[in-house]
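Biologist: Please show me the model, and then we can go through it by question and answer.

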Amino acid sequence: MNDQQPPRRKNGRPAKPHRRPKKDPVRILAFEALRAVDERDAYANLVLPPLLRKAREKHEDFDARDAALATELVYGTLRRQGTYDAILAACVDRPLREVDPPVLDVLSLGVHQLLGTRIPPHAAVSATVELARVVCGDGRAKFVNAVLRKVTAHDLDGWLERVAPPYDDDPEEHLAVVHAHPRWIVSALWDALGGGRAGIEDLLDADNERPDVTLVARPGRATTAELLTALGEDRALPGRWSPHAVRLVEGGEPGAIDAVREGRAGVQDEGSQLVALALAAAPLDGPDRRWLDGCAGPGGKAALLGALAAERGAALLAAERQPHRARLVGRALAGNPGPYQVVTADGTRPPWRPGSFDRALVDVPCTGLGALRRRPEARWRRRAEDVAGFGPLQRDLLHEALLSVRTGGVVGYATCSPHPAETRAVVQDVLKRDGVEAEWIDARPLLPGVPALGDGPDVQLWPHLHGTDAMYLALLRRTG
């Protein structure tokens with residue numbers, strides 16, 4: 001017989017039995033993804049797929065709705081981090097930098113559920129406190145509970161009225177807090193876009209929307225009709241601008257499509273497709289036999305260029321400086337119907353002879369401010385000084401690309417950033433250098449049907465106007 005008495009409180013009443021916290025696989029997965037992004041500078045789009053696979057293997061009842069909720073919690077929390085930090089700062093009695101990062105991640109997940117989803121407030125608080133108990137312990141769970149109770153005092157609009165300065169007092173800071181972008185990015189995007197308040201707000205809103213997945217049917221290897229049939233009419237639409245594009249509108253797994261698994265099609269933003277198509281369509285006098293992709297990793301544009309080149313009997317050389325990215329390029333080009341070669345080479349010190357090519361593309365390394373829809377964590381990692389850091393490399397790559405084509409050859413300079421210092425300023429500086437002469441080509445007629453392309457001769461695409469990443473393209477013809 002066991003004579004041991006149950007534990008009692010100081011008032012003599014029996015203590016409540018210890019309750020083990022319930023483990024919610026969806027929210028634990030979301031928390032693990034946020035920790036990887038914070039601790040390892042990982043990207044959510046790379047972290048999430050293996051975590052989702054692991055959850056499906058471990059939990060038989062983990063279904064598509066659970067995966068969708070976990071994905072929304074991660075991406076939504078990352079996109080709105082700046083806004084949520086401003087709200088949490090008003091609810092925590094010490095600077096946020098003094099809150100342990102794991103606790104802050106739990107709080108951010110809770111704030112997103114309260115202010116950015118339709119989850120009922122009591123359920124959002126309860127689930128987040130339970131998550132805190134699992135990953136942070138009972139003591140910190142009480143802190144999380146207290147903070148989130150304060151957050152429930154207002155909806156998102158109510159909080160924004162309290163934490164964002166009035167637009168008339170400080171327009172850039174107002175937009176930064178309301179639309180969850182660092183102030184310097186708001187300023188840079190506004191400069192690039194021009195115009196008044198409506199345009200920049202539309203752009204910032206578009207950055208906070210998760211984009212559709214877009215596929216490319218590589219010419220001569222797959223067709224859009226094949227992709228649309230494989231996906232079904234209720235889950236896919238033709239692209240808006242590229243004749244090779246198909247948009248997934250109701251989810252779906254690209255890897256389940258035969259053409260994608262076989263490399264005949266791939267995932268590629270429509271703006272990226274348009275850059276390759278415009279270069280291929282640029283008028284050219286003389287031979288059109290050798291094409292260059294001078295910054296080919298990870299291989300999306302190279303695969304499209306290779307297919308377009310093959311239709312004309314031209315050969316593609318795809319160069320990539322980083323060996324692991326060069327391997328990705330090789331996989332993307334595998335099975336290309338025309339001749340191609342992949343080399344590991346630095347485009348600023350090319351191993352090929354000057355004047356070797358008829359067409360060349362350099363999609364240069366940049367801040368990536370044009371793809372914030374796809375990499376929501378990038379906006380919080382980048383710093384204003386990064387822009388200047390990329391400048392010398394961008395100029396050298398474009399200069400060497402111009403030297404790499406023959407007189408009369410065409411070069412496409414592309415960035416996934418609309419920042420003025422990474423776009424037109426780079427081209428203008430390179431055109432002033434000694435050693436190569438070139439002239440602008442008006443790129444706008446080479447993107448038929450695409451509206452709102454500006455005054456030219458270069459082209460800037462926008463998420464809110466075109467539904468693409470904010471790709472920039474300048475086309476130049478070497479004249480001497």
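The questions below go from the whole protein to its cores and then to one sheet.

Modeller: This is a predicted model, in which local features need pLDDT of at least 70 and side-chain atom pairs count only at pLDDT 80 or more, while totals for chains, interfaces and linings use all residues. Residues are numbered from 1 along each chain as its sequence is written, and side-chain values use heavy atoms, with hydrogens and water left out.

Biologist: What percentage of the residues in the protein is buried?

Modeller: Buried means under 20% relative accessible area, exposed over 50%, and partly exposed in between (1.4 Å probe, protein chains only). The protein has 480 residues, and the buried share of them is 52%.

Biologist: Which helix gives the largest share of the largest nonpolar core?

Modeller: A nonpolar core is a set of buried Ala, Val, Leu, Ile, Met, Phe, Trp, Tyr and Cys residues joined through side-chain atoms within 4.5 Å. The largest such core has 51 residues, and Leu 29, Val 74, Val 144, Leu 148 and Val 151 touch the most other members. Among the elements that give two or more residues to this core are helix H1 (25-40), helix H3 (64-79) and helix H7 (138-151); helices here are DSSP runs (H or I, at least four residues), strands are DSSP runs too (E, at least two), and both are numbered from the N terminus. The largest share, nine residues, comes from H1.

Biologist: How many residues are in the second, separate core?

Modeller: Val 216, Ala 276, Ala 314 and Ala 443 are included in that second core. Its residue count is 39.

Biologist: Why is one side of S2 and of S4 left without a neighbour in the sheet?

Modeller: Two strands pair if DSSP finds at least two bridges between them. The open sheet has four strands in the order S2-S3-S1-S4, with antiparallel pairing. Strand S2 (236-238) and strand S4 (265-267) each have one side without a neighbour because they stand at the edges, each with a single partner strand.

Biologist: Which residue stands opposite Val 213?

Modeller: Strand S1 (residues 213-217) pairs with strand S3 (residues 245-248) in the antiparallel sense, over four bridges. Opposite Val 213, in S3, stands Leu 248.

Biologist: At about what angle to S3 does helix H12 run?

Modeller: Axes are lines fitted to C-alpha atoms, for helices over the stretch in contact (heavy atoms within 4.5 Å). Angles run from 0 to 180 degrees between N-to-C directions. Helix H12 (residues 224-231) lies across S1, S2, S3 and S4, and its angle to S3 is about 15 degrees.
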